[in-house]
Amino acid sequence: KLPIIYAVTPTYWRYVQKAELTRISQTLQLVPNVHWIVIEDSEEKTDLVRNLILESKLIATHLNAKTPPFEQIKDKDPRWKRHRGVEQRNMALAWLRENLQLNKDKGVVYFMDDDNTYNIKLFTEIGKVKKVGVWPVGLVGGLNAETPILDSTTDMAGFAINLDLILAKHEAVFSYAMEKGLQESEFLSYFTTKEELEPLADNCTKVYVWHTRTEKPVVNGIVQGLEV
Ligand code: UDP
Ligand code: MN
């Protein structure tokens, strides 16, 4: 039986938000034992997200945490310069630590961005995680696939952590001080060593998740949200 998978999804308003959340929620509906934690990057929870969660019938927790203005992504900022989802993922970590109990609640935590593409086979792999499991992510960093065995870097979508570790290590959070790109490996270093990482997805030979990015739509002839 699959352990509970806590899928942590930061999300923010833009034209494609509903489309992204529809896709991810319907992926999660195919997973037997999931608890979806959705954190809106906003002052207040929105009806759009509330209704979408309700309609999904998933076991879910709806939170919000606004990215402070100084870290907000400016349309002109190259996307690599800015951290995304920091506030929201930390909010989810705080929720887990406040609401779940070490040695009582069991599960695996997976950071699942709203715009990636997930093969449902990935969740069987996540179910095998003992401490920290890793696997390749497709279409990331200008590569066809990023493989944790060959690379020192890991994409946010390329690992999952046992809930016990998350609950035991309260000091483990994401921070703006972490260099972008090292965010993931710095976070993982709270829990494990590189040697201890558990290679999944057929010893990291299979790609079950892709770092896809949705094109900005054109509405009334205007590109919605210009980004480099
Ligand atoms: N995100 C957010 N607020 C923002 C930008 C992004 O909450 O201002 C969320 C987004 O919905 C996604 C995650 O953070 O779930 C990663 O963002 P994005 O996919 O834009 O980053 P990238 O794929 O370029 O690393
Ligand atoms: Mn993305």
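**Briefing: the shell around ligand 1 and three exposed residues**

Of the 15 residues around ligand 1, those that come nearest are Tyr12, Asp41, Arg84, Gly85 and Asp113. The structure is a predicted model, and the points below take up the surroundings of this ligand before turning to Asn203, Asp202 and Asn103.

**Around ligand 1**

- Sorted by the character of their side chains, the residues of the shell around ligand 1 divide into 7 charged, 5 polar and 3 nonpolar.
- Strand 1, which covers residues 5-11, supplies the largest share of this shell, namely 3 residues.

**Helix 7**

- Asn203 is found in helix 7, which spans residues 201-204, and an unreviewed UniProt entry places the feature "glycosylation site" at Asn203.
- Asn203 counts as exposed because it has 9 C-beta neighbours inside 10 Å, where a residue with 12 or fewer is taken as exposed.
- Asp202 also has its place in helix 7, and its phi is near 55 degrees, which is a positive value in a residue other than glycine.
- With 12 C-beta neighbours inside 10 Å, Asp202 counts as exposed, because the limit for an exposed residue is 12 or fewer.

**The loop after helix 3**

- Asn103 lies in the loop between helix 3 (86-99) and strand 4 (108-111), and although Asn103 is not a glycine, it has a positive phi of about 70 degrees.
- Asn103 has 8 C-beta neighbours inside 10 Å and therefore counts as exposed.

Conventions:
Residues are numbered from 1 along each chain as its sequence is written. Chains are lettered from A and ligands numbered from 1 in the order in which they are written. This is a predicted model: local features need pLDDT of at least 70, side-chain atom pairs count only at pLDDT 80 or more; totals for chains, interfaces and linings use all residues. UniProt positions are given in the numbering used here, feature names are shortened, and annotations may be inferred rather than shown by experiment. Helices (H or I, at least four residues) and strands (E, at least two) are DSSP runs, numbered from the N terminus. A residue is buried if 20 or more other C-beta atoms lie within 10 Å of its own, exposed if 12 or fewer, and partly exposed in between; C-beta atoms are placed from the backbone. A residue is near a molecule or strand if its C-beta atom, placed from the backbone, lies within 6 Å of it. Ala, Val, Leu, Ile, Met, Phe, Trp, Tyr, Cys and Pro count as nonpolar, Asp, Glu, Lys and Arg as charged, and the others, Gly among them, as polar.
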